[in-house]
Amino acid sequence: MNPNKWNTALLDRMRNTGDPLADEAASILWKNRNNRHIVDDLKSLSKNHHLSMKESCEKLGLGNELTSHEIETLENYFKSVENISDEFTDQDREHFKVSAGIFNRYGFNITLLLFFKSLPTGYMCPKPGHVLHTTKLLVNFAARRVMETAQFVFSVNKEDWHKKHSQGMNAIQRVRLMHAGMRMALLNDSRPGHEWDENLGVPINQEDVALTNHLFSLAIIEGLDQMGIHLFKHERLALFNTWQKIGQAMGISDELIVSDYNDAWMQYRAILERQISIQNPAGSPLTHALLSAMNEITHEDIPMSALEDLTMYFLNDHRAPESLGLHKPSFIARYFAKLVHFVMSLKIWQWIFHHNRSGWVQSLFQSAVNWFLVKKYNLQTYVKNHPNTNPLEAFSKVMLNEMHKRDLTSFEKSHPDDVQKKFLIDDQLYLAWDLGGFEMTE
């Protein structure tokens with residue numbers, strides 16, 4: 001394996017590459033639209049693409065403005081994304097099944113990791129963080145954006161995510177096109193003081209999308225280990241490979257799609273090494289908006305210091321406090337976290353405490369860990385609501401349940417056998433909250 005494979009020259013080129021297929025579709029609408037209209041139009045187009053593309057365009061009032069070639073180009077975008085599943089093998093589909101099983105069992109834990117590990121890791125990277133800060137994706141609408149992320153992750157973590165008109169495929173088509181619209185709007189914003197800085201690369205570029213994919217897969221695997229949930233090797237590979245296929249459908253370049261697990265970790269670390277910085281103006285507002293949203297959603301008042309401690313535990317990076325504007329942990333807290341991380345990383349420990357093992361040793365250990373988590377992070381209320389549950393999982397359950405209550409239509413899921421049914425988010429909730437848009441700065 002070439003250690004220089006993920007070199008500066010390649011990743012610099014990826015920073016200046018968008019998504020040609022989606023960008024071509026977005027550019028067709030751009031010629032008659034402005035910053036505030038294009039994303040709404042793309043959202044409407046995604047919603048109605050199951051109709052003929054001509055009908056979809058007519059709903060936008062563009063039926064007479066677009067040529068037949070332009071309508072065909074828009075239609076080609078949706079078909080091309082759907083047809084990617086034709087390339088998947090039986091082994092791929094087995095990976096999807098295993099990965100969906102992991103999410104069905106640990107979806108609450110994974111959701112918590114998204115908000116305390118995956119997203120904050122991305123916020124430590126000033127260049128991709130600048131897009132979120134510029135578009136007000138999180139600072140002004142934090143709770144709503146938490147829901148948006150959860151919506152996408154729940155939609156694609158299904159065995160059938162790759163099938164035509166499935167929740168997962170619809171979410172991929174929609175989000176990928178939204179990214180193209182954001183890219184178009186940011187690059188064409190000519191207002192004084194709002195011009196895009198070319199030194200940042202293209203907005204939502206290939207390197208940033210590849211990083212995001214790893215934050216939803218490799219970072220989650222690492223985070224589960226930090227929780228004491230140690231997956232078997234074939235499960236790690238299934239989760240990783242599933243997200244690589246999702247990334248392929250999301251438009252990640254073939255040059256950045258990897259099939260080797262260890263190679264993926266090399267790519268992930270190479271990108272983080274390039275992007276993480278303590279000189280990070282957007283890091284603090286983004287992170288504090290995210291953590292404040294946790295209390296807003298759950299209607300609890302966990303001390304910000306406890307939320308920051310939890311974030312720093314999962315980030316396990318000495319640069320996090322300065323990069324994200326978090327409080328500096330005490331000497332004892334830093335070295336206690338280091339000890340826990342070291343123990344959790346030991347192969348013998350992971351073998352003894354694999355997630356499907358049981359027995360009095362595991363039970364005693366888990367009870368001790370749960371007691372510590374409740375005391376350390378003030379999670380008493382959550383455990384009271386969900387007794388006999390890991391405190392971090394209980395926090396996630398309360399958060400997702402509160403998200404669900406915000407659904408104005410009070411819909412009922414059609415899968416009564418789904419253990420997470422009341423926590424799941426579907427297209428009806430997505431539409432009720434008008435997720436997927438963004439707001440340009442004034």
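**Exercise 1: the nonpolar patch**

Which helices each supply at least two residues of the nonpolar patch?

Before we start: this is a predicted model, where local features need pLDDT of at least 70 and side-chain atom pairs count only at pLDDT 80 or more, while totals for chains, interfaces and linings use all residues. Residues are numbered from 1 along each chain as its sequence is written, and side-chain values use heavy atoms, with hydrogens and water left out.

*Step 1.* Pick out the members: Leu 339, Phe 342, Leu 346, Ile 348, Trp 351 and Ile 352 make a nonpolar surface patch of about 600 Å². (Patch residues have over 30% relative accessible area and no salt bridge; like charges are joined within 9 Å, and nonpolar side chains, meaning Val, Leu, Ile, Met, Phe, Trp and Tyr, within 5 Å. Areas come from the Shrake-Rupley method with a 1.4 Å probe, and for residues only the protein chains shown count as cover.)

*Step 2.* Put them on helices, which are DSSP runs of H or I with at least four residues, numbered from the N terminus. Phe 342, for one, sits in α17.

*Step 3.* The helices we want are α17 (331–345) and α18 (347–352). The largest share, three residues, is from α18.

**Exercise 2: long-range salt bridges**

Find what ties Asp 23 to Arg 183, then do likewise for Glu 222 and Lys 117.

*Step 1.* Set the rule: a salt bridge puts a side-chain nitrogen of Lys or Arg within 4 Å of a carboxyl oxygen of Asp or Glu. The whole structure has 15 of them.

*Step 2.* In the bridge between Asp 23 and Arg 183, the closest N and O atoms are 2.8 Å apart. Asp 23 is in α2 (residues 20–30) and Arg 183 in α9 (residues 167–187), so this pair ties together parts 160 residues apart in sequence. Arg 183 is buried at 3% relative accessibility. (Buried is under 20% relative accessible area, exposed is over 50%, and partly exposed is in between, with a 1.4 Å probe and protein chains only.)

*Step 3.* Glu 222 and Lys 117 also form a salt bridge, with 2.9 Å between the closest N and O atoms. Here Glu 222 belongs to α11 (residues 218–226) and Lys 117 to α6 (residues 90–123), so the linked parts are 105 residues apart in sequence. Glu 222 is partly exposed at 32%, whereas Lys 117 is buried at 3%.

**Exercise 3: a cavity lining**

Work out what kinds of residue line the second largest cavity.

*Step 1.* Four cavities of 30 Å³ or more turn up in the whole structure. (On a 1 Å grid over the protein atoms alone, a cavity is a set of points where a 1.4 Å probe fits but cannot get out; lining residues have an atom within 4 Å of a point.)

*Step 2.* List some of the lining of the second largest one: it includes Arg 176, His 179, Arg 183, Ile 204 and Met 250. The largest share, three residues, comes from α9.

*Step 3.* Sort the lining: three nonpolar, five polar and three charged. (Ala, Val, Leu, Ile, Met, Phe, Trp, Tyr, Cys and Pro count as nonpolar, Asp, Glu, Lys and Arg as charged, and the others, Gly among them, as polar.)

*Step 4.* Check the backbone at Ile 204: this residue has a positive phi of about 50° although it is not a glycine. Ile 204 is in the loop between α9 and α10, and is buried at 13% relative accessible area.

Definitions and conventions: 1 Å grid on protein atoms, 1.4 Å probe; cavity = no way out; pocket = protein on both sides within 12 Å on 5 of 7 lines; lining within 4 Å. Points joined across faces, edges and corners; volume = space filled by probe spheres on them.
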